[in-house]
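Please open the structure in your viewer, with the sequence panel beside it, and follow the stops below in order. Each stop says what to select and then what is to be found there.

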Amino acid sequence: MISIWPDSLLLAAIYGAMESASVAFFGPIIGRWVDRLTYVKVLQLWLVTQNLSFVIAGGAVMALLVFSSLKFTNFVAFIFLVILTNISGAVGVLSTLAGTILIEREWVVVISEGHPPGLLTRINSIIRRIDLTCKLGAPVITGFIISFVSLKASAMALAIWITISVWVEYWLFMSVYNGIPALGERSLRRISEVSPNDVEVDTSASQETSNLLSNDGSESSATTGKNSVTKIIEWLSKVSYVDAWIVYLQQDVVLPGVALALLYFTVLSFGTLMTATLEWEGVPVFVIGIARGISALIGIAATVVYPMLQSRISTLRTGLWSVWSQWIWLLVCVASIWVQNSQLSAYTLMGGVAASRLGLWMFDLSVIQQMQDHVPESDRCVVGGVQNSLQSTLDLMAYVMGIIISNPKDFWKLNLMSFATVTLAAFLYTIYMYRIRKHLFHFEKLSSLVQCL
């Protein structure tokens with residue numbers, strides 16, 4: 001996007017904002033939707049919609065790059081292609097969310113049932129490792145294609161890859177589904193349990209709507225007004241979106257979820273805004289790709305360290321050490337603001353962000369596992385949808401700030417705001433842990449260690 005409209009973060013920020021807004025608004029509904037369909041149906045809709053959307057987005061971007069003068073010669077066509085890119089990207093992200101909820105919130109829990117607790121930890125770590133491995137290879141390859149071939153070739157390669165890979169993805173997922181009978185059994189049981197409730201809720205909601213539209217003329221206006229307000233509240237509580245949030249807020253792990261979501265209100269990641277700023281400062285695209293790859297490597301290391309640390313100090317305490325580890329490394333990013341040399345400042349920023357991924361991904365795994373362990377089966381998909389919605393809302397706020405503060409020269413302001421939010425997240429999780437454990441450190445063990453030294 002920075003290549004389409006140089007010297008401004010506006011298009012990059014709008015694209016990111018559209019993706020985040022779509023998940024923020026529709027995340028809870030996607031969670032409900034996943035909960036009401038069979039695993040196979042979700043899988044099919046997810047892969048087809050996701051890949052088709054990204055192919056369309058890739059085609060629109062390619063058109064913008066090929067006809068780079070559209071902005072001046074045919075502004076209407078330029079805006080149409082930008083809107084098409086944003087809408088396609090948003091639809092693709094929503095379908096990806098459905099797949100994430102299905103695999104990470106449902107399948108892994110079903111697969112690990114009846115096995116030692118350590119299996120769930122290992123499965124979560126392996127899934128995140130696969131995800132980050134893809135994030136390691138993709139930016140490096142894309143960066144080299146952009147730097148040594150062209151942006152157009154990169155967009156074309158993406159469209160071709162998506163078209164081919166969808167068939168491989170479907171075959172792999174169906175192999176897992178057919179190879180583990182428990183998945184098929186759980187899928188059928190979920191549908192049989194959900195369908196009657198849906199009918200009941202829909203009927204009740206319809207009745208409430210009808211009641212709201214008709215009032216008994218014999219009642220006084222005051223009583224009618226009071227009853228109407230009560231009915232509106234009751235009706236809203238039955239709406240999927242509101243109901244999903246109510247379910248989420250009733251969970252014991254809501255505070256860790258909020259802490260994790262706060263980490264998304266940041267530009268201190270190799271996302272759209274920071275990447276655009278680094279390009280503006282003159283950092284080559286392939287260097288950014290390598291840095292992003294190193295960041296993913298550190299994230300992969302987190303998936304190896306997490307199971308070892310979790311088995312020794314528990315999931316809860318691993319989360320505490322992880323979030324504060326991230327906070328410490330982000331101090332380097334804050335320090336980069338005062339580095340006078342712009343190139344050195346950019347490299348310092350990239351180094352701090354990359355190093356902080358160790359704590360970030362361990363904290364992510366810790367919170368996800370706490371949700372898997374403590375959220376009831378009937379609420380799992382809904383809570384997953386709301387959690388992603390909350391994360392995207394905070395991510396959206398970061399992009400909104402990018403739109404407001406769109407001059408790359410002012411990126412330092414976004415840097416400080418991001419660091420403050422991570423600090424808040426660390427304190428929230430610390431408060432949660434203290435409420436659960438009634439302490440943060442084993443001071444008797446620390447004193448014994450000091451005596452030994």
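Begin with the whole chain in cartoon view, where the protein shows 16 helices and zero strands; keep in mind throughout that this is a predicted model. If you colour by accessibility, buried residues make up 46% of the 453 residues. Among contacts between residues at least 6 apart in sequence, 83% join residues at least 24 apart.

**Helices α4 and α14**

Select residues 75–112, which form helix α4, together with residues 380–404, which form helix α14; the two pack at an angle of about 135 degrees, and their axes are 10 Å apart. With angles over 145 degrees counted as roughly antiparallel, α4 and α14 are therefore oblique to each other. Their crossing is right-handed. To see where they meet, show the side chains of L97, I101, R105, E106 and V109 in α4, which touch R380, C381, G384, G385, Q387 and N388 in α14. Sorted by class, the residues of this contact of α4 with α14 comprise four that are nonpolar, four that are polar and three that are charged.

Stay on helix α14 and select Q391, which is found in this helix. Is Q391 buried or exposed? With a relative accessibility of 7%, Q391 counts as buried. Setting aside neighbours within four places in sequence, Q391 is in contact with L260, A261 and Y264.

**Aromatic pairs**

Next, display the rings of Phe, Tyr and Trp, because a search of the whole structure finds 10 aromatic pairs under a centre-to-centre limit of 6.5 Å. One of them joins W107 and F173 in an edge-to-face arrangement, 6.3 Å from centre to centre and with 80 degrees between the planes. This pair links distant parts of the chain, since W107 belongs to helix α4 and F173 to helix α6 (residues 151–179), 66 residues apart. W107 has a relative accessibility of 3% and therefore counts as buried. Now add Y39, W46 and Y177 to the selection, and you will see the cluster into which ring pairs link Y39, W46, W107, F173 and Y177.

Move to helix α9 (residues 240–249) and select W245 and Y248, which are three residues apart there and so are separated by about one helical turn. Their ring centres lie 5.8 Å apart and their planes stand at 75 degrees, so this pair too is edge-to-face. Y248 counts as buried, its relative accessibility being 1%.

**Around helix α11**

Select residues 272–280, which form helix α11; L273, M274, T275, A276, T277 and L278 are buried there. Just after α11, look at the backbone of G282, which takes a positive phi of about 95 degrees.

Then step back to F265, which lies in the loop between α10 (254–262) and α11. F265 has a relative accessible area of 12% and is therefore buried. Which residues does F265 touch, not counting those up to four places away in sequence? They are L394, M397, A398, M401, M417, S418 and T421. If you draw a distance between the C-alpha atoms of F265 and T421, they are separated by 6.7 Å, although the two residues are 156 residues apart along the chain.

**Helices α12 and α13**

For the last stop, select residues 285–335 (helix α12) and residues 342–374 (helix α13), which pack at an angle of about 35 degrees with their axes 5 Å apart. The contact of α12 with α13 has, by class, 26 nonpolar, 17 polar and one charged residues.

Within α13, select G359, which is found in this helix. The relative accessibility of G359 is 0%, so G359 counts as buried. Leaving aside neighbours within four places in sequence, G359 is in contact with S322, S325 and Q326. G359 and I328 are 31 residues apart in sequence, and their C-alpha atoms are 9.4 Å apart in space.

Finish in α12 at S314, which is found in this helix. The phi of S314 is near 85 degrees, a positive value in a residue other than glycine. At 26% relative accessibility, S314 counts as partly exposed.

How values were computed: Residues numbered from 1 in each chain as written. Predicted model: local features only at pLDDT ≥ 70, side-chain atom pairs only at ≥ 80, totals over all residues. Heavy atoms only, no water. Axes fitted to C-alpha atoms, helices over the stretch in contact; angles between N-to-C directions. Helix = DSSP H or I, 4+ residues; strand = E, 2+ residues; numbered from the N terminus. Parallel < 35°, antiparallel > 145°, perpendicular 65-115°, else oblique. Left-handed = near helix turned anticlockwise from the far one by under 90°. Contact = heavy atoms within 4.5 Å. Nonpolar A, V, L, I, M, F, W, Y, C, P; charged D, E, K, R; others polar. Phe/Tyr/Trp six-rings, centres within 6.5 Å; stacked < 30°, edge-to-face > 60°. Buried < 20%, exposed > 50% of the residue type's maximum accessible area, 1.4 Å probe, protein only.
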